[in-house]
Amino acid sequence: ESSSQEPPQTIDEGSQIHADEQIPEDESAEQQQQNPYEKVIIVDIQRVDAPKPFLGGFRHRKTAVEYHHAFTQTWVPKPPKEHKPKNHRDTQTVKSNTLSLQSNREASAQTKRPGLFIDESADLLMDARPYNDSKSYMKLVELKAIIIQCYARGWFARRATRQMRRDRIAKRELAAQREADRKEMTEKQRLAEMQRRMHPRTKDDFDILYNELEAWRQRETKRINSEPDLDERTRHEALAKLLY
């Protein structure tokens, strides 16, 4: 008695596909939303007849069902076409308006003619002033610019001079303040040294007194030994008085 063993069933991860089911070329899926309206979404499914690649998986210990890892691939969008550069050109013209003016009071003029007498006793003769062309105008502009530069440079110079004067005064005041501080500090140090020698309190104060006394003793000893007029007895008496 022989029994044939069926091959284990293969199921992809997350879904089961039966052998008798066929994937259609095109499929329409309907999506029901919360509102009473329905929206139909067209989904294109491309079926590939190539064998499915093995991406790994696992087998159930009790049912011996193999679960294979699966993947999906969406359509890769094509890169956008490169558009040719477009050039444009704008022109600008002057906007002009035509206006007509009417004076508040109309007047007329009359010239001489044969048979017409015109009184010219109250007339005024007016001459036009000299005309300034572009060259004379540029000369005038240059002259005025030079005048403005003179005033501006004078103002800059006066401002710089005032700043230099203020800096000099501040420098002198700072030097005088530093000199006063130095003198005050020197006087305080001198008074402190005198107080230390007159009323010693710490070990350093006594060391200073001992060192100064020893220095004075060495100077006096050297002076006594360097005097040639003293005899030996007088020198020993002077040294003895120095020690005591």
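In the predicted model, F156 has a relative accessibility of 42% and is therefore classed as partly exposed. The neighbouring element of this description is W155, which is likewise assigned to the partly exposed class, with a relative accessible area of 42%. A search of the whole structure returns two aromatic pairs. In one of them, the ring centres of F58 and Y67 are separated by 5.1 Å and the ring planes make an angle of 20°, so that this pair is classed as stacked. In the pair formed by W155 and F156, the centres lie 5.0 Å apart with the planes at 45°, and the arrangement is therefore described as tilted. As for the solvent accessibility of the stacked pair, F58 is partly exposed at a relative accessible area of 48%, and Y67 is partly exposed at 24%. The ring of W155 also takes part in a contact with a charged group, since the charged end of R159 sits over this ring at 4.7 Å from its centre.

A nonpolar patch on the surface, with an area of about 420 Å², is composed of L140, L143, I147 and Y151. Of these residues, L140 belongs to helix α1, which spans residues 134–198, and its relative accessibility of 43% places L140 in the partly exposed class.

Turning to charged side chains, the search of the whole structure identifies 14 salt bridges. One of them joins R196 and D205, with an N to O distance of 2.4 Å; here R196 is partly exposed, having a relative accessible area of 27%, whereas D205, at 8%, is buried. Both R196 and D205 belong to a network of salt bridges that also links E193, R197 and E212.

Further salt bridges are found in helix α2, which comprises residues 203–226. The side chains of E214 and R217 meet in a salt bridge with an N to O distance of 2.5 Å, and because these two residues are three positions apart in the helix, E214 and R217 are separated by about one helical turn. Each partner retains some accessibility, E214 being partly exposed with a relative accessible area of 34% and R217 being partly exposed with 28%. A salt bridge is also formed between E220 and R223, whose closest N and O atoms are 2.7 Å apart; these residues both lie in helix α2 with a spacing of three residues, or about one turn of the helix. For R223, the relative accessible area is 41%, which corresponds to the partly exposed class.

Note on methods:
Residues numbered from 1 in each chain as written. Predicted model: local features only at pLDDT ≥ 70, side-chain atom pairs only at ≥ 80, totals over all residues. Heavy atoms only, no water. Patch = residues over 30% accessible without salt bridge, like charges linked within 9 Å, V, L, I, M, F, W, Y side chains within 5 Å. Areas by Shrake-Rupley, 256 points an atom, 1.4 Å probe, with all protein chains shown as cover. Salt bridge = Lys/Arg side-chain N within 4 Å of Asp/Glu carboxyl O. Helix = DSSP H or I, 4+ residues; strand = E, 2+ residues; numbered from the N terminus. Buried < 20%, exposed > 50% of the residue type's maximum accessible area, 1.4 Å probe, protein only. Phe/Tyr/Trp six-rings, centres within 6.5 Å; stacked < 30°, edge-to-face > 60°. Lys NZ or Arg CZ within 6 Å of the ring centre and 35° of its normal.
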